[in-house]
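Thanks for passing this one along. Here are my notes, point by point, to read with the model open beside you.

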Amino acid sequence: MASSSSFLSEDQLQCSICLDVYTDPVSTPCGHNFCMNCIKECWDTSSHCQCPVCKMDFPRRPELHVNTFISGLAAQFRKPVQKNTEKEKADSIEIFRSLMSYIERNQAELLKVMEEKQRAVEHQADEFIKDLEQEITELKRRNTELEQISNTEDHLHLLQIYPSLCRPPPTNNWTDVSIQPHLNVETLRRALSQLQECVDEEMKKVVKLKRIQQYAVDVILDPDTSHPKLILSDDGKQVTHGDQRQNLPDNPERFDYCVCVLGKEGFSSGRFYYEVQVKGKTKWDSGVTRESSNRKGEITVSPENGYWSVFLRNKTEYEALDSPRVLLSLKQAPQKVGVFVDYEEGLVSFYDVENESHIYSFTGQSFTEKLCPYFCPCSNDGGKNSAPLIICPVSQVQT
């Protein structure tokens, strides 16, 4: 005769509450089986008696008795599990005892290793802090030197000491520092290096607006070059675009298509600087041009055609009219633009005067004739761009 376990599986003898082989199985009036303790706990925590499987309600709590037949069947599946569980417990206890014995035998050595690791980390942390403090001290020193020379007018002295300001930061070996994963030292070094490069680059370009302003010249607009739709102020310091074309002689110097005007005086050597107010305008051009540059018909403004200029379009779009054009990203809209020319160096630079910031520089140019200040207020655009371009007296910034 075959045993009961040959046609029954363990799944068939599992309580639907604890999902384990029955322990003291009982049967409810609806015919479902559960462990005695499982069904009791289920009913003890509920306000009414209900079968967990079929949800049948019992008006009165049924009296339960162990189903000896099912209990006998379940015992055949439960005993091996109990043996395996006891063996696993015994194995775990033995492993724990072995581990504790190893720790006790090697406690001193383990403590020594831990102390050495801690000392190594503390040493690396100290070295990192020292290196970082050294970098900060060096940057502070350079900043102090920059502040000191910002007030000097001795350009020869400035050029002599400039190499010392451009010295690379001290080389420190931080490659082995690994104090904490979130402290990326290489990222910090790159950031410091980029900061220093920015400082050096701005030092080369700006060299402080205060010293550039000493080359200020008195620019007066030349009516003989003015487009017929432009209106010049009596003092020759302001220009606006008018709606009516004036009846003016078409002399060779006059712009006849582009609404532009030049300064009266040209410069063929040395350095010169002027400032023009662009406040309230939605578009404008300003810069310098060769005395012989074309002024008739449509003009492409570029260095190849003898124009070095920056412009504004659509209120926020700034460009340097280089070859190719360069889109400028300015943090703030300039209210007053400074234009500086170093004839012998082939340099034309533009500055935001109020923010004392560099806008753009044309470098490495070759000038062979007079350069004239160049202005284009653009069309008044139905009154939206009616504000004038104003040549301002230069007032040196305070540092």
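1. Let's begin at the turn between β14 and β15. In this predicted model, the two strands form a hairpin with 4 residues between them. Glu 356, in the turn, has a positive phi of about 50°, so that is a residue to click on when you look at the backbone there.

2. The pairing behind that hairpin is antiparallel: 5 bridges join β14 to β15, the latter covering residues 357-362. For a landmark, find Asp 352, which stands opposite Ser 357 in β15.

3. Now turn to the other partner of β14. Strand β13 (residues 336-342) is joined to β14 by 6 bridges, and these strands also run antiparallel. Two pairs help you line them up: Phe 340 stands opposite Ser 349 in β14, and Gly 338 has Tyr 351 of β14 as its bridge partner.

4. Which residue takes a positive phi in the hairpin of β13 and β14? It is Gly 346, with a value near 65°; this hairpin has 4 residues between its strands.

5. How much of β14 is covered? Of the 6 residues in this strand (347-352), 5 are buried, which makes β14 mostly covered.

6. Finally, the wider setting. These strands belong to an open sheet of 7 strands with antiparallel pairing, in the order β5-β6-β17-β8-β13-β14-β15. Its edge strands are β5 (230-232) and β15, each pairing on one side only. On average, neighbouring strands of this sheet are turned by 20° against each other, direction ignored.

Key: Residues numbered from 1 in each chain as written. Predicted model: local features only at pLDDT ≥ 70, side-chain atom pairs only at ≥ 80, totals over all residues. Heavy atoms only, no water. Buried < 20%, exposed > 50% of the residue type's maximum accessible area, 1.4 Å probe, protein only. Pairing = 2+ DSSP bridges. Axes fitted to C-alpha atoms, helices over the stretch in contact; angles between N-to-C directions.
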